[in-house]
Amino acid sequence: MTQPAPIRRERTYLAAALAAAERGWHVFPLRPGDKRPALHGEIACPGTGDCAGGHRKWEQRATIDPDRIRTAWSAGAFNVGLATGPSGLVVVDLDPVKARDPKGTPDGVISLQALCERAGHAVPNTYRVRTASGGHHLYFTAPPGVRLGNSAGRLGTHIDTRAHGGYVVSAGSVLPHGAYEVVDPTEPVPLPDWLYAPLAPRQSCRALMAAPAPVRASRYAAAALRAETAAVAGAGEGVRNWTLIRAARALGRFIPSGDLARHEVEQALNSAGLRAGLRENECRAAVASALNWSIANNPGRPA
């Protein structure tokens with residue numbers, strides 16, 4: 001006997017939710033045919049069940065417990081929300097071009113390809129989902145010991161990321177204009193360092209100035225290192241290379257005198273350059289060349 005369509009749909013969504021949970025990905029129900037959570041908000045919270053000790057939001061209620069998942073999806077044909085933070089994931093969201101975008105605006109896929117070319121790396125092969133709008137979700141495992149949040153446009157035009165505090169619509173979900181489908185079932189790979197660098201929590205200049213001084217540095221040299229590092233990390237597109245070279249030339253003066261060790265300067269400036277969005281090989285070459293120039297032209301102790 002053929003089962004009614006609503007029952008078949010509910011079982012399809014339930015299967016998608018259970019499949020995600022088996023991977024260790026925390027799920028919660030989204031409204032049928034929608035991307036919004038199907039859970040009650042704080043104002044309408046009944047203060048019972050999961051919320052008996054206080055209102056619990058969708059990220060807190062996302063689960064991998066198969067019994068809880070079966071109970072939740074038995075109530076309707078809910079789409080599947082995947083809480084990226086509790087799941088230990090960083091999802092790179094590549095959006096398509098929107099109707100309001102100026103002519104020639106790249107979509108997320110093209111922007112990521114350009115980012116990869118600048119970094120000298122291929123587009124990573126990892127778990128990938130095609131979204132209902134024709135975009136793509138690339139799944140990565142989050143770096144250990146780091147709490148990444150969400151971002152919008154930091155990696156490029158039409159590229160967003162979801163980590164702690166964010167969620168994505170899981171494969172198997174359906175919207176009125178399309179479905180979410182797995183196009184690469186590869187297990188998620190770790191987020192590459194060159195993608196992590198521009199997403200890393202940015203320290204304020206005050207925090208950078210308060211960072212521990214290098215081991216052998218004089219007070220003046222240590223202050224210079226922190227100030228120049230902060231300047232490079234905060235440099236915008238168009239002035240990043242110039243700022244990096246200027247900083248390396250300024251700090252190179254302290255190396256012949258022994259106030260700063262070369263490896264400490266190189267490490268600090270390369271890390272700052274990556275935070276500013278420069279490529280790793282680009283940073284290393286620029287820093288090494290500028291330090292060589294500075295050392296050759298400043299052989300004595302700085303005044």
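**Entry 1: H158**

I located H158 in the loop between β6 (151-152) and β7 (159-162); strands here are DSSP runs of E of at least two residues, helices are runs of H or I of at least four, and both are numbered from the N terminus. The model I consulted is predicted, so local features need pLDDT of at least 70 and side-chain atom pairs count only at pLDDT 80 or more, while totals for chains, interfaces and linings use all residues. Residues are numbered from 1 along each chain as its sequence is written, and side-chain values use heavy atoms, with hydrogens and water left out.

I noted that H158 has a positive phi of about 60° although it is not a glycine. Most residues other than glycine have a negative phi. I then looked up whether H158 is buried or exposed. H158 counts as buried because its relative accessible area is 14%; buried means under 20%, exposed over 50%, and partly exposed in between, with a 1.4 Å probe and protein chains only.

**Entry 2: A142**

I found A142 in the loop between β5 (136-141) and β6. Its relative accessible area is 30%, so A142 is partly exposed. Setting aside neighbours within four places in sequence, I recorded G88, L89 and V90 in contact with A142; contact means heavy atoms within 4.5 Å. I also recorded A142 and T84 as 9.2 Å apart from C-alpha to C-alpha, with their positions 58 residues apart in sequence.

**Entry 3: the chain as a whole**

I counted ten helices and twelve strands in the chain. Of its 303 residues, 43% are buried. Among contacts with a separation of 6 or more, 73% join residues 24 or more positions apart.

**Entry 4: cysteines**

How many disulfides does the structure hold? I found zero, a disulfide being a pair of cysteine sulfur atoms within 2.5 Å. C116 is buried because its relative accessible area is 1%. C283 is likewise buried, with a relative accessible area of 1%.

**Entry 5: α7 and α9**

Two packed helices are described by the angle between their axes and the distance between the axes. For helix α7 (residues 219-233) and helix α9 (residues 262-276), I noted axes that come within 7 Å and cross at roughly 25°. The axes are lines fitted to C-alpha atoms, for helices over the stretch in contact, and angles run from 0 to 180 degrees between N-to-C directions. The crossing therefore makes α7 roughly parallel to α9; the classes are roughly parallel under 35 degrees, roughly antiparallel over 145, roughly perpendicular from 65 to 115, and oblique for the rest.

The crossing of α7 and α9 is right-handed, that is, the near helix is turned clockwise from the far one by less than a right angle, whereas anticlockwise would be left-handed. From α7, I listed L225, T229, V232 and A233 in the contact, and from α9, V265, A268, L269, A272, G273, R275 and A276. By class, this contact has eight nonpolar, two polar and one charged residues. Ala, Val, Leu, Ile, Met, Phe, Trp, Tyr, Cys and Pro count as nonpolar, Asp, Glu, Lys and Arg as charged, and the others, Gly among them, as polar.

I checked two further residues of α7. R219 lies in helix α7 and counts as exposed because its relative accessibility is 77%. R219 and D259 are 40 residues apart in sequence and 9.0 Å apart in space, C-alpha to C-alpha. A231 is also found in helix α7, where its 31% relative accessibility makes it partly exposed. Apart from neighbours within four places in sequence, A231 is in contact with T243 and R246.

**Entry 6: α9 and α10**

I next took α9 with helix α10 (residues 280-297); their axes come within 9 Å and cross at roughly 140°. The angle makes α9 oblique to α10. The crossing of these two helices is right-handed. The residues R262, V265, E266, L269, N270, G273 and L274 of α9 meet E280, C283, R284, V287, A288, L291, N292 and I295 of α10. I recorded eight nonpolar, three polar and four charged residues in this contact.

**Entry 7: α8 and α10**

Which residues of helix α8 meet α10? I listed N241, L244, I245, A248, R249 and G252 from α8; their partners in α10 include C283, V287, L291 and I295. The axes of α8 (residues 240-252) and α10 come within 8 Å and cross at roughly 35°, in a right-handed crossing.
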